[in-house]
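Welcome, and please open your viewer so that we can walk through this chain together. Keep the selection tool at hand, since each stop begins with something to pick.

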Amino acid sequence: MQLIRTLFIAVLSLSCLAAQAQWQWVDNAGRKVFSDQPPPSDIPAKNIVKQPGKATLSLAAAPAAPASASVAAPQLSAEDKELVAKKKKAEADALARIKEESDSLAKIKATNCEKAKANQALLDSGVRMAVTNAKGEREFLDDAARKNEAQRTRTAVETNCK
């Protein structure tokens with residue numbers, strides 16, 4: 001039983017070593033590639049970031065580049081440029097939709113403001129007012145109903161006319 005347990009632990013530890021055998025490099029398009037296979041032969045050694053059996057090259061441990069050396073930005077492939085263009089277009093469309101919605105809300109609010117001010121002026125004038133009830137009958141507003149309507153109209157003016 002002890003022998004089986006020892007063999008099992010040995011197999012597990014060997015499988016962990018296989019997981020550490022990872023390659024990492026920057027391809028010709030400027031993208032980072034992770035693989036368990038070595039990079040193609042057209043990838044220069046300076047683009048290999050990590051390989052099995054060697055220490056990881058980090059920016060902190062990397063030797064400082066001379067001041068005269070310029071670092072070239074990674075080149076975008078045609079597919080990447082297309083994706084960037086699509087993303088910019090989608091963002092522009094979203095902004096246009098938001099602006100369109102806010103403009104329509106502003107128009108609705110302005111219309112509601114005008115109507116509320118007209119109703120308030122009518123209520124303040126003291127003219128006798130009538131409303132149609134649920135049965136379709138015409139009812140004149142008494143003082144209490146007029147006061148409630150005036151309060152509701154003032155609230156509408158305050159809400160829509162800012």
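The tour goes from the whole chain to a sheet and then to a disulfide.

**Before you start**

This is a predicted model, in which local features need pLDDT of at least 70 and side-chain atom pairs count only at pLDDT 80 or more, while totals for chains, interfaces and linings use all residues. Residues are numbered from 1 along each chain as its sequence is written, and side-chain values use heavy atoms, with hydrogens and water left out.

**Stop 1: the whole chain**

Show the chain as a cartoon. You will find three helices and five strands. Helices (H or I, at least four residues) and strands (E, at least two) are DSSP runs, numbered from the N terminus. Following the sequence, their pattern reads α-β-β-β-α-β-β-α.

Now switch on the surface. About 13,500 Å² is exposed by the chain, and 60% of that comes from carbon and sulfur atoms; the areas come from the Shrake-Rupley method with a 1.4 Å probe, and for residues only the protein chains shown count as cover. Of the 162 residues, 14% count as buried. Buried means under 20% relative accessible area, exposed over 50%, and partly exposed in between (1.4 Å probe, protein chains only).

**Stop 2: the three-stranded sheet**

Select residues 23–26, which make up strand S1, then add S2 (32–35) and S3 (48–50). Together they form an open sheet in the order S2-S1-S3, with antiparallel pairing. S2 and S3 stand at the edges with a single partner strand each, so one side of each is left without a neighbour in the sheet. From one strand to the next, the twist averages 25°.

Zoom in on S1 and S3, which pair in the antiparallel sense over two bridges; two strands pair if DSSP finds at least two bridges between them. Which residue of S3 stands opposite Gln24? Select Lys50 to see this partner.

**Stop 3: the disulfide**

Pick Cys113 and Cys161 and show their side chains. Their sulfur atoms lie 1.8 Å apart and form a disulfide, a term for a pair of cysteine sulfur atoms within 2.5 Å. By this rule the count comes to one. Cys113 lies in helix H2 (residues 78–125) and Cys161 in the segment after helix H3 (143–160), so the pair ties together parts that are 48 residues apart in sequence. The link is right-handed, with 115° about the S-S bond.

Turn the surface on once more here. Is each cysteine buried or partly exposed? Cys113 is buried at 11% relative accessibility, whereas Cys161 is partly exposed at 27%.

Technical notes: Axes fitted to C-alpha atoms, helices over the stretch in contact; angles between N-to-C directions.
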